[in-house]
Amino acid sequence: MSPGRDRPLRVLVPVTGAFHGRLRVRRSTGTLDTEGLERILSDPSVRAISLAKRLREHAGDAGAELLAVHVNKGGGEAILREAIAHGIDQGILVQGAPRETSDASVRAATIADVYRQHGPFDAVVGPARSEFGGFSGTLAAVAGHLDLPCVVGVSDLRPDGDGFGIDYRSIFGSYKLHIPRPCVVLAGDVAPSYPTAWGIHDAYQERGILRVQADQYAVRAALTRRQRIEAVREERQSVEEVEGGTLVRGLRSRALVPEAADADAGGGA
Amino acid sequence: MAFEFRLTPEQRLLRRSARAFMRTEIEPHLPADDWTGHGGDSPLHLVRKMQDQGYFGMPVPRELDGAGMGEVGYCLVFEEIAAVDSSIATIFGAHTGIGLAPIYLFGNEEQRERYVRPIAQGRHLAAFALTEPTAGSDAASIKTKAEKDADGYRIDGTKIWCSNGNFADTTVVFAVTDETLGAHGGVTAFLVEKDTDGFQVGTIEDKLGIRQSNTAELVFEDCWVPKENVLGNVGEGFIVALTALDGGRVGLGAATLGATKRLLSDCVHRVNAREREGRPVGQNQSVQWMLADMATDIHLAEYAVYHAAELTNQYYERIAEGEPVSRSLREQVSRAAAVVKIHCSEMSGRAGESAIRIYGGDGLRWRYGVERAFRDQVITEIYEGTNEIQRMIIARELLQGVGVDQ
């Protein structure tokens with residue numbers, strides 16, 4: 001047993017889905033044609049599970065319990081069963097969340113709610129990227145909701161005293177760092193694992209999935225997509241309407257335009 | 001015959017993960033060519049990795065530490081293995097389809113614990129020894145004898161063309177126990193462990209194709225096995241062999257299906273990437289016809305294989321549970337397996353020829369892999385019962401009225 005720990009580590013692994021198959025774009029609308037495509041566990045989620053399993057391996061005899069959570073946007077059960085086949089101990093499927101769950105902040109609020117209701121957890125380990133390869137801000141927002149430290153790009157994770165030792169890689173090089181528990185860890189370049197035939201069988205035939213209803217209060221507490229879009233629209237309108245001198249003063253007040261540069265520009269005119 | 005087949009989410013995940021595993025963890029580590037050396041250098045280190053994935057115990061239920069995925073799961077994985085390498089696919093098929101299956105189907109509780117469990121756990125490999133120098137497709141002509149003594153049997157004879165024979169931990173060996181009774185009643189199946197006294201590995205064949213699958217001669221000289229190693233009932237070895245071969249042929253169909261799908265995929269990539277006279281080769285109608293014929297063959301093969309796999313699954317479940325099996329089901333399985341064997345092996349032959357023509361001169365160069373695929377498919381029309389024998393099975397059943405007007 002590691003110092004400061006009298007129970008197995010508990011790790012929450014938020015997982016996301018991805019479309020499996022050839023994606024096409026509808027010419028008429030410019031939207032993705034996803035009809036008939038299967039939802040599967042996304043590759044970044046597979047890598048996050050691999051990282052969480054590394055933590056379990058390093059935990060030794062004390063062990064670690066890995067719980068996957070998925071906020072259902074369709075195909076949720078299959079995604080969680082695939083996560084279980086990869087080595088997750090228990091799947092939590094959040095159902096009944098409103099359509100705004102495609103909004104990262106609402107999804108983050110939902111995951112944070114699961115963290116609170118099903119905790120305590122020692123870490124949240126998840127994917128850093130979305131299914132289309134872009135950086136996902138969801139887990140950073142989870143860290144914000146829970147007021148936890150967050151680290152991105154982790155390639156290895158192990159218990160270390162009252163926290164975790166992490167291998168972290170950035171464009172500047174590779175580092176070994178320490179992060180306190182609990183924390184949010186976003187997986188970096190971790191080799192994916194492949195579910196065994198035994199694991200696949202058990203995920204479908206032996207194991208259950210915990211289904212929970214989205215906490216409507218937590219969901220409402222986050223900004224809805226409509227609210228965010230309206231906020232942006234308002235700001236744009238105010239910029240268009242503002243007079244030039246006011247704009248420069250506003251930028252200077254936010255230190256975006258240096259005083260000297262403005263003075264030079266003004267002198268030249 | 002009413003038939004609707006759709007893979008379950010579990011089976012789709014199995015196929016997808018097996019494909020990813022084979023193409024990421026196995027394919028990059030395969031030997032660059034198969035010319036250097038012959039049997040004896042099977043890539044067993046790669047086979048071990050596949051055993052760790054649970055693939056070598058696919059149809060065995062979870063209670064015996066298998067994957068519990070049935071014949072359909074076995075065929076799905078077989079397809080993905082053969083899409084990467086036909087030699088490893090042969091090792092897999094000889095082990096699972098005809099080595100492991102009869103032990104699981106006909107073994108008693110003790111035999112299942114002793115032999116099936118370690119195989120399903122991925123610790124042991126199995127083989128099937130039926131063919132002899134004077135008995136090929138005519139399995140009824142085998143000469144290997146098993147003389148009964150007080151506590152067991154002494155086996156004498158020679159088996160040939162035994163895939164996995166030189167490294168299998170357990171081999172199912174067929175021998176005559178009563179010459180007066182012929183195939184039905186006179187042949188018995190035995191389980192022979194690799195270190196048994198009197199059991200030796202003879203020649204390892206140097207072959208045209210599947211060169212990295214070991215094909216061994218097995219020599220039995222006064223090889224004693226205890227009576228507990230009789231598989232099934234004494235005198236019922238022929239039923240054991242035929243039952244295993246039915247499933248083996250379906251698996252073989254899946255393997256050729258996987259290999260042909262991969263060949264088609266490679267050909268499509270080739271004709272899109274390669275230009276002649278300023279345009280992609282794929283724009284030539286003659287090339288398009290070859291591709292379309294390959295795709296048509298594959299489409300039909302897929303239905304045939306998984307229909308036969310589903311039937312075989314029902315058949316094997318009844319045998320394993322000790323339930324009575326209707327003659328109708330047995331005949332349907334035999335016929336479906338024979339159809340699959342013929343169609344798929346001949347499909348891969350046609351695809352191999354087309355691929356070489358599509359690749360042109362490069363098709364004959366070893367580094368493109370097409371000539372290897374061409375060589376590897378030749379055996380599929382011969383082993384596990386030649387296609388001529390399969391046609392005899394189908395014709396015999398047609399003449400008896402089986403499958404007519406269904």
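Author: Domain bounds here come from an automatic or database domain assignment. Keep in mind that this is a predicted model.

Reader: Okay, so which domains does chain B have?

Author: Chain B splits into domain 1 (9–125), domain 2 (128–231) and domain 3 (237–399).

Reader: How do I read the interface between domain 2 and domain 3 of chain B, say, what area is buried there?

Author: The general idea first: an interface's size is often given as the accessible area lost when the parts come together. For domains 2 and 3 of chain B, that buried area is about 1,200 Å², with carbon and sulfur atoms giving 73% of it. On the residue level, 17 residues of domain 2 of chain B touch 15 residues of domain 3 of chain B. Taken over C-alpha atoms, the centres of these two domains lie 28 Å apart.

Reader: Now pockets. How much space lies in the second largest pocket, and which residues are closest to its centre?

Author: Rolling a probe the size of a water molecule over the atoms shows where empty space is left. In this model, the second largest pocket holds about 960 Å³. It has 30 lining residues, and those closest to the centre are A:His20, A:Glu38, B:Arg12, B:Arg15 and B:Arg16.

Reader: Which element gives the largest share of that lining?

Author: That's α1(B), with 7 residues. By class, the pocket's lining has 13 nonpolar, 7 polar and 10 charged residues.

Reader: Last one: is A:Leu55 buried or exposed?

Author: Buried, because its relative accessibility is 0% and the cut-off for buried is under 20%. A:Leu55 sits in helix α1 of chain A. Beyond its neighbours within four places in sequence, its contacts include A:Leu9, A:Val11 and A:Phe164.

Note on methods: Residues are numbered from 1 along each chain as its sequence is written. Chains are lettered from A and ligands numbered from 1 in the order in which they are written. This is a predicted model: local features need pLDDT of at least 70, side-chain atom pairs count only at pLDDT 80 or more; totals for chains, interfaces and linings use all residues. Side-chain values use heavy atoms; hydrogens and water are left out. On a 1 Å grid over the protein atoms alone, a cavity is a set of points where a 1.4 Å probe fits but cannot get out, and a pocket is an open set with protein on both sides within 12 Å along at least five of seven lines; lining residues have an atom within 4 Å of a point. Grid points are joined across faces, edges and corners, and a volume is the space filled by probe spheres set on the points. Helices (H or I, at least four residues) and strands (E, at least two) are DSSP runs, numbered from the N terminus. Ala, Val, Leu, Ile, Met, Phe, Trp, Tyr, Cys and Pro count as nonpolar, Asp, Glu, Lys and Arg as charged, and the others, Gly among them, as polar. Buried means under 20% relative accessible area, exposed over 50%, partly exposed in between (1.4 Å probe, protein chains only). Contact means heavy atoms within 4.5 Å. Buried area is the accessible area (1.4 Å probe) that two parts lose on being put together, summed over both.
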